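Biologist: I am new to this structure and would love a close look at a single part of it. Could you pick one site and walk me through what surrounds it?

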Amino acid sequence: MKHTKLNEMHETANQKPLSPPLIIAGPCSAESPEQLLQVALELKKTGKVKFMRAGVWKPRTTPNNFEGYGTKALEWLKEVKKQTKIPFATEVATEKHVYEALKFGADLLWIGARTASNPFAIQEIAIALKGIQVPVWVKNPLSPDLKLWEGAITRLKQAGVAQVGAIHRGFTAWYPSPFRNLPLWDIALKLKANHPELSIISDPSHISGDSRFVELLAKRAINMGFDGLMIEVHPNPKQALSDAKQQLTTEQFTHIISKELHRSKPGEELLDELRAEIDAVDELLIWALSNRMKLVTEIAQVKYDSGLEALQKKRWNEVLKQVSKKARSMGLSNNFIVKLFNSIHRESLLKQKRTIESKSDMVKNG
Ligand code: PEP
Ligand code: MN
């Protein structure tokens with residue numbers, strides 16, 4: 001019954017042996033020995049967390065914010081690992097970070113989205129990581145560029161890193177969205193299709209940017225066949241020094257993780273997940289229409305200044321031809337697209353006429 005892409009994805013996911021998802025969890029940033037110990041003990045209690053994550057060098061978009069405690073925090077992590085026996089994971093962005101993190105016994109390294117966007121940085125890290133056995137996971141770059149992501153993974157593999165994985169953390173949103181980053185699941189699924197041997201986990205914390213959506217996105221990722229999750233957990237998210245809005249309390253995390261995270265068939269929960277994504281796409285439609293109408297107002301002014309009519313039949317026929325072709329190539333019905341664009345065009349003509357009238361009134365009234 002392969003009538004939708006989603007069904008196909010479910011079928012593929014459900015054919016896989018149900019190995020438990022790889023769970024990496026912990027605070028966005030290492031903030032104190034007490035914070036780390038408290039989270040580590042809670043994570044351990046769940047029995048499902050393979051690595052505790054904590055950033056020690058924090059890549060912040062704007063300067064003069066908290067940028068992590070660096071090497072001092074690695075000492076805390078080493079100590080917490082000794083006490084709790086939970087292996088730890090941290091982010092590396094330079095050659096120096098690699099040496100420091102390995103020196104303090106990091107069990108897994110990840111490369112952040114900003115670093116993954118820069119092939120020079122990746123190459124430097126790859127050389128520093130030459131032949132290491134510690135797993136290295138690469139987040140997707142900020143821009144929706146599959147080749148850049150694949151390129152980073154290939155550079156590490158070519159350097160002889162034995163275990164390379166990928167982390168899907170969403171892409172910088174270029175239109176208003178309920179999520180901090182756009183999931184664009186297709187890009188991660190394409191990566192998996194191109195490299196079936198590669199493990200890919202999802203990071204619903206950085207995709208959503210909001211603790212309220214983490215569970216929903218986590219389930220969606222597992223349903224689609226991702227191999228695991230990276231989730232931010234903090235003993236007191238409100239007080240967190242970075243990413244406060246998206247971190248889960250240890251109780252929230254335990255609640256999510258204690259339910260069986262399995263690859264479910266489409267059902268009630270999937271309906272909620274898909275509706276949240278429909279809401280995001282609807283926002284995109286409104287954003288696009290509003291931008292189109294802004295351009296229409298500008299065009300009306302240019303037409304007025306050049307003495308042109310609002311309706312330019314030849315141009316409109318070209319637009320219709322163009323969108324019909326594009327729509328067909330994307331599996332949309334021609335009839336539907338022509339109706340939709342004719343309706344957009346009616347509104348656009350009205351707007352242009354109003355703009356032209358008000359301009360000529362202004363001229364008449366001096
Ligand atoms: C992080 O994991 O805390 C982080 C900074 O992530 P990203 O590189 O995905 O923004
Ligand atoms: Mn973070």
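**The manganese site and its neighbours**

Modeller: Happily! The donors of the manganese ion (ligand 2) are spaced as C-x177-H-x25-E-x10-D along the chain. Donors here are N, O and S atoms within 2.8 Å of the metal (3.2 Å for Na, K and Ca); water is not among the atoms, so sites may look incomplete. In full, Cys-28 (SG), His-206 (NE2), Glu-232 (OE) and Asp-243 (OD) coordinate the manganese ion (ligand 2), at 2.1 to 2.4 Å. Of these, Glu-232 and Asp-243 link distant parts of the chain, 11 residues apart: Glu-232 sits in strand β10 (residues 228–232) and Asp-243 in the loop between β10 and α11 (250–258).

Please keep in mind that this is a predicted model: local features need pLDDT of at least 70, side-chain atom pairs count only at pLDDT 80 or more, and totals for chains, interfaces and linings use all residues. Residues are numbered from 1 along each chain as its sequence is written, chains are lettered from A and ligands numbered from 1 in the order in which they are written, and side-chain values use heavy atoms, with hydrogens and water left out.

Helices (H or I, at least four residues) and strands (E, at least two) are DSSP runs numbered from the N terminus. Glu-232 and Asp-243 are both buried, that is, under 20% relative accessible area, with exposed over 50% and partly exposed in between (1.4 Å probe, protein chains only).

Glu-232 has another partner too: its side chain meets that of Arg-53 in a salt bridge (3.3 Å, N to O). Arg-53 belongs to strand β2 (residues 51–53) and Glu-232 to strand β10, so this pair ties together parts 179 residues apart in sequence. Arg-53 is buried, as is Glu-232. A salt bridge is a side-chain nitrogen of Lys or Arg within 4 Å of a carboxyl oxygen of Asp or Glu, and by this rule the count comes to 14.

The loop that holds Asp-243 has further contacts. Lys-245, in the loop between β10 and α11, pairs with Asp-210, in the loop between α9 (204–208) and α10 (211–223), so parts 35 residues apart in sequence are tied together. Their side chains form a salt bridge at 4.0 Å, N to O. Shared partners join Asp-210, Arg-212 and Lys-245 into one network, with Asp-210 and Arg-212 meeting at 2.6 Å. Asp-210 is buried at 5% relative accessible area, whereas Arg-212 is exposed at 64% and Lys-245 is exposed at 59%.

Thr-249 is also in the loop between β10 and α11, and is buried at 19%. Thr-249 and Pro-237 lie 12 residues apart in sequence and 6.3 Å apart in space, C-alpha to C-alpha.
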